[in-house]
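Biologist: Before we go through this structure, could you take my questions one at a time and show how each answer is reached?

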Amino acid sequence: EENKGKAKDLKKVCELNRAACLLKKKDFSEARTACDSVLKEDATNVKAIFRKAQAEFGLKNFDETMRMLKKVVEIDPQNKEARALYKDAQAEQKKVDQAAKGLFAKMC
């Protein structure tokens, strides 16, 4: 039983490291998958949530990025990286909204 727990912890660490590597390689969808496998077992793992937010940002899913980062800040209010990425995601979402607004204005 003790070994099962150790194996689970080791798998979690491996998946988090894998996610970090995939983010560096800009393989955002695989990084998101690696984070999801950790979050399935440990829904409040700050590293997994933050790395998933980074992956969502890379995939240009800015709303989802902000949603994930709010969770990070709820769990770890001092997380400066999460706050900085949140601001970046807000700025990018604003750009997307402006572009969409311009597109719809041309259609009408």
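Biologist: Is Lys26 buried or exposed?

Modeller: In this predicted model, Lys26 sits in the loop between helix 1 and helix 2. The cut-off for the upper class is a relative accessible area over 50%, and because Lys26 has 61% relative accessibility, Lys26 counts as exposed.

Biologist: What is the phi of Lys26, just after helix 1?

Modeller: Most residues other than glycine have a negative phi. Lys26 is not a glycine, and yet its phi is positive, at about 65°.

Biologist: Which other loop residue, not a glycine, has a positive phi near 65°, and where does that residue lie?

Modeller: The residue belongs to the loop between helix 3 and helix 4, the latter covering 62-75. Its relative accessible area is 60%, so it is exposed. With a phi near 65° in a residue other than glycine, the residue in question is Lys60.

Biologist: How far apart are the end C-alpha atoms of helix 1, and what span should its residues give?

Modeller: Helix 1 has 23 residues, which at 1.5 Å a residue should span 33 Å. The computed separation of its end C-alpha atoms agrees with that expectation, at 34 Å.

Biologist: Which residues of helix 1 are buried, and which helices are included in what covers them?

Modeller: The buried residues of helix 1 are Glu15, Leu16, Ala19, Leu22 and Leu23. What covers these residues includes helix 2 and helix 3.

Biologist: How far apart are the end C-alpha atoms of helix 2?

Modeller: Helix 2 runs over residues 28-41, and its 14 residues, at 1.5 Å each, should span 20 Å. The separation in the model agrees with this, since the end C-alpha atoms are apart by 21 Å.

Biologist: Which residues of helix 2 are buried, and why do they lie on the same side?

Modeller: Phe28, Ala31, Ala34, Cys35, Val38 and Leu39 are the buried residues of helix 2. They lie on the same side of the helix because the arc they cover around the axis is only 140°. An α-helix has 3.6 residues a turn, so residues three or four places apart point the same way. On the other side of helix 2, the exposed residues are Lys40 and Glu41, while what covers the buried residues includes helix 1 and helix 3.

Biologist: Which helix supplies the largest share of the lining of the largest pocket?

Modeller: The largest pocket has a volume of about 180 Å³, and its lining consists of Lys8, Asp9, Lys11, Lys12, Glu15, Ser37, Val38, Lys40, Glu41 and Asp42. By residue class, that lining divides into one nonpolar, one polar and eight charged. Helix 1 and helix 2 each supply at least two of the lining residues, and the largest share, five residues, comes from helix 1.

Biologist: Is Gln93 buried or exposed?

Modeller: Gln93 is placed in helix 5, residues 80-107, and, leaving aside residues up to four places away in sequence, touches Phe62, Asp63 and Met66. Because its relative accessibility is 13%, which falls under the 20% cut-off, Gln93 counts as buried.

Biologist: What separates the C-alpha atoms of Val73 and Tyr86?

Modeller: Val73 is in helix 4 and is partly exposed, with a relative accessible area of 21%. Residues up to four places away in sequence aside, Val73 touches Ala82 and Arg83. Val73 and Tyr86 are 13 residues apart along the chain, and their C-alpha atoms are separated by 9.8 Å.

Terms used:
Residues are numbered from 1 along each chain as its sequence is written. This is a predicted model: local features need pLDDT of at least 70, side-chain atom pairs count only at pLDDT 80 or more; totals for chains, interfaces and linings use all residues. Side-chain values use heavy atoms; hydrogens and water are left out. Helices (H or I, at least four residues) and strands (E, at least two) are DSSP runs, numbered from the N terminus. The expected span of a helix is 1.5 Å times one less than its number of residues. Buried means under 20% relative accessible area, exposed over 50%, partly exposed in between (1.4 Å probe, protein chains only). The arc is that of the directions from the helix axis to the C-beta atoms. Contact means heavy atoms within 4.5 Å. On a 1 Å grid over the protein atoms alone, a cavity is a set of points where a 1.4 Å probe fits but cannot get out, and a pocket is an open set with protein on both sides within 12 Å along at least five of seven lines; lining residues have an atom within 4 Å of a point. Grid points are joined across faces, edges and corners, and a volume is the space filled by probe spheres set on the points. Ala, Val, Leu, Ile, Met, Phe, Trp, Tyr, Cys and Pro count as nonpolar, Asp, Glu, Lys and Arg as charged, and the others, Gly among them, as polar.
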